[in-house]
Amino acid sequence: MVSPCCMSQEFFRKDNGDLFSLSVDTLSDVWQSNSLKKLRQTLIDGKQATACSVCYMEESHGIQSKRIRENLRWGVSDSTTLVNTELKSLDLKLGNTCNLKCRICTPGSSSLWIKEDKEVNGYSVLEHIAINIKSEVTPRMVMQWPENNSKFWNDLEHLLPTVEMFEIYGGEPFLSKQHFELLRHSSALGYSSNQKVHYNSNGTIYPEDAITNIWPKFKRVDVMLSIDGIGNQFEYQRHPAKWSQVEENLIRFKESLGSDLEICLTVSAINIFYVPEYIEYFERMGVKVWLNTLYHPSKFCIANLPVKAKNAVRHKLSGYTSSALIEPIQPILDFMMKDNFDMSVEFWKTIIAHDKYRNENYEMIFPEFYTILHDSI
């Protein structure tokens, strides 16, 4: 399936209503589709597109959305000026191969989740993804990657001359051999000097060969490491990663990338109470932190915490006076305090089930917030 970007909850469709799938279709098929043309025209007309609803919602709470960040990146101040129809940026998720099964993740983004998801929840990975996307999506329509679609790769080669930005996601992107081959190919064709590459990685892998032999040929390469905690709180959230290994890689990335390294810290109902401590740690290391708000799975969304827990979080986090903490945290608190559903029953059902499966214990790792959550039921 193909969506406008990684934040969108909508997918492009063919004229007959079927969803595009890069296991059989090409990017050019999508780029030239009426579905995409309709989205582009909506933006040109100055209207809000439903595909961008998450960004509009974030902006209403003072959060700098991906929509705003991309407009700044491309120098677009008004969507009504969108007249360029060349493909400039590619957001590529070429598979779900991953070496972690993070608490906030799903089998659609992590192959390591598949076995546990089946044994704990009793349904297959395809059923899980279909259920969580839309009721009309069937299991046969998901988990179809372009790896064996020769039309996709041939078409992509023809698109490379205008591409100025690659955004590479996973799974874990550094486990994707295909994307490295794509970058090598683009370099061999002479396009890389005008191209930037952005990664979201879980930090467990330091791709030394790419850093030495591939990335220097590109205009710029920046890496966001998805790290949602430190020490044993990190290990709980991003099983089975080891903090010592990730911390070592973080230092190496900082040495090789400098300011082109950033932390993407996803704020969830699991870790929000401890976010200031995490930010302070990375600030001491001289690494910038981007706070990413989790929306799905909804039971881990901070807006769905019980009111008593929300008030405790706000009391603690509002007590920090450092501008380095206030500026990024305040929009998160504003979003958390919005009226929403209390999903604490679903939260604890999931936490307890996977604690038992993994022989872990949320109470031991997050004792202060465990007490607050328990007292809020």
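These are my notebook entries on a few spots I looked up in this structure, which is a predicted model.

**Entry 1: T350**

I started with T350 and checked where it sits. T350 is part of helix α15, which covers residues 344-358. Is T350 buried or exposed? I noted it as buried, because its relative accessibility is 14% and the cut-off for buried is under 20%.

Next I looked at what the T350 side chain meets. It makes a polar contact of 3.1 Å with the side chain of K299. A polar atom of the T350 side chain also lies 3.0 Å from the backbone oxygen of E346. Then I skipped the neighbours within four places in sequence and asked which residues T350 is in contact with. The answer was K299 and F300, so K299 turns up again here, after the 3.1 Å polar contact between side chains.

**Entry 2: D91**

I moved to D91, which I found in strand β1, residues 89-93. I put D91 down as partly exposed, because its relative accessible area is 30%.

What caught my eye was C5. D91 and C5 are 86 residues apart in sequence, yet their C-alpha atoms are 6.7 Å apart in space. Which residues does D91 touch, leaving out those up to four places away in sequence? I wrote down C5, C6, E167 and Y169. With C6 there is a polar contact as well: the D91 side chain reaches the backbone nitrogen of C6 at 3.3 Å.

**Entry 3: cysteines**

Seeing cysteines, I looked for disulfides. How many does the structure hold? I counted zero. A disulfide is a covalent bond between the sulfur atoms of two cysteines.

I wanted to know why C52 has no such bond. The closest cysteine sulfur to that of C52 is in C55, and it is 6.4 Å away, so it is too far for a bond; the cut-off is 2.5 Å. C98 is in no disulfide either, with its nearest cysteine sulfur, that of C102, 6.2 Å away.

I also checked burial for both. C52 is buried, with a relative accessible area of 17%. C98 counts as buried too, because its relative accessibility is 12%.

**Entry 4: a pocket**

I looked up the second largest pocket and found a volume of about 380 Å³. Its lining is made of 16 residues, and I noted the ones closest to its centre: E10, S35, K38, L39 and T50. What kinds of residues make up the lining? I got seven nonpolar, four polar and five charged.

**Entry 5: backbone oddities**

Last, I went through the backbone. Most residues other than glycine have a negative phi, and most peptide bonds are trans. I wrote down some exceptions.

- G170 and G171 are joined by a cis peptide bond, with omega about 15°. I placed G171 in the loop between β2 (165-169) and α8 (177-188).
- H239 and P240 are also joined by a cis peptide bond, here with omega about 0°. P240 is in the loop between α10 (231-237) and α11 (243-257).
- N359 is not a glycine, but its phi is positive, near 60°. I found N359 in the loop between α15 and α16 (362-365). Is N359 buried or exposed? I marked N359 as exposed, because its relative accessibility is 72%.

That loop took me back to α15, the helix in which T350 lies.

Methods. Residues numbered from 1 in each chain as written. Predicted model: local features only at pLDDT ≥ 70, side-chain atom pairs only at ≥ 80, totals over all residues. Heavy atoms only, no water. Helix = DSSP H or I, 4+ residues; strand = E, 2+ residues; numbered from the N terminus. Buried < 20%, exposed > 50% of the residue type's maximum accessible area, 1.4 Å probe, protein only. Polar contact = N/O pair within 3.5 Å; in protein donor to acceptor, adjacent residues only side chain to side chain. Contact = heavy atoms within 4.5 Å. 1 Å grid on protein atoms, 1.4 Å probe; cavity = no way out; pocket = protein on both sides within 12 Å on 5 of 7 lines; lining within 4 Å. Points joined across faces, edges and corners; volume = space filled by probe spheres on them. Nonpolar A, V, L, I, M, F, W, Y, C, P; charged D, E, K, R; others polar.
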